[in-house]
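Work through the exercises below with the sequence and the coordinates at hand. Each task is followed by a stepwise solution.

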Amino acid sequence: MTVTDRVPMSVRACSQLDRQRHARPQGRDRYTISEVVDYTGLSAHTLRWYERIGLMPHVDRSHTGQRRYTDKDLDWLDLVGKLRLTGMPVADMVRYAQLVREGDHTFAERERLLSAHREDVRRRIAELHSTLDVLDYKIDIYAARRRASEGV
């Protein structure tokens with residue numbers, strides 16, 4: 001079983017929303033690296049690097065040696081993109097991919113890794129809310145002073 005065979009259904013559901021914005025060609029399950037670049041917004045260099053560091057599972061090759069990505073590969077890249085957006089360190093993403101490849105006996109460790117990261121994300125969100133409160137306060141002050149100076 002590959003990493004992408006084990007992408008949770010909830011991730012696949014999230015991926016459906018992304019696919020509406022970045023539609024994949026219909027009736028296909030083989031994509032060139034340039035098509036994947038267009039779909040994901042990642043560079044070809046980044047995709048190759050993901051393979052090298054173990055973040056991306058083995059990608060099939062054509063008879064001429066060109067990479068051929070599948071829908072499962074794109075599902076995995078959707079998940080990696082979400083993890084990147086949350087600020088997960090690359091080393092943790094690579095560890096997660098390794099655990100997925102190791103099989104079902106790693107569920108508990110995967111849960112711990114993702115739960116710890118979720119707590120980091122929640123802390124950052126709280127910090128951002130606090131920062132947003134400060135911005136709102138300052139904007140309200142300036143708006144009130146502007147209105148007062150305009151006689152409104």
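Trp76 is buried, at a relative accessible area of 2%; buried means under 20%, exposed over 50% and partly exposed in between, with a 1.4 Å probe and protein chains only. The model is predicted: local features need pLDDT of at least 70, side-chain atom pairs count only at pLDDT 80 or more, and totals for chains, interfaces and linings use all residues. Residues are numbered from 1 along each chain as its sequence is written, and side-chain values use heavy atoms, with hydrogens and water left out.

**Exercise 1.** Classify the ring pair Trp49 and Tyr50, and give the accessibility class of each residue.

Step 1. Rings of Phe, Tyr and Trp (its six-membered ring) pair if their centres lie within 6.5 Å; planes under 30 degrees apart are stacked, over 60 edge-to-face and the rest tilted. The count by this rule is two aromatic pairs.

Step 2. For Trp49 and Tyr50 the centres are 5.9 Å apart and the planes at 40°, a tilted pair.

Step 3. Trp49 is partly exposed because its relative accessibility is 32%, whereas Tyr50 is buried at 3%.

**Exercise 2.** Why is the pair Trp76 and Tyr96 stacked?

Step 1. The ring centres of Trp76 and Tyr96 lie 6.1 Å apart and the planes are at 0°, so the pair is stacked.

Step 2. Trp76 sits in helix α4 (residues 71-85) and Tyr96 in helix α5 (residues 90-102), 20 residues apart, so the pair links distant parts of the chain; helices are DSSP runs (H or I, at least four residues), numbered from the N terminus.

Step 3. Tyr96 is buried, with 5% relative accessibility.

Definitions and conventions:
Helix = DSSP H or I, 4+ residues; strand = E, 2+ residues; numbered from the N terminus.
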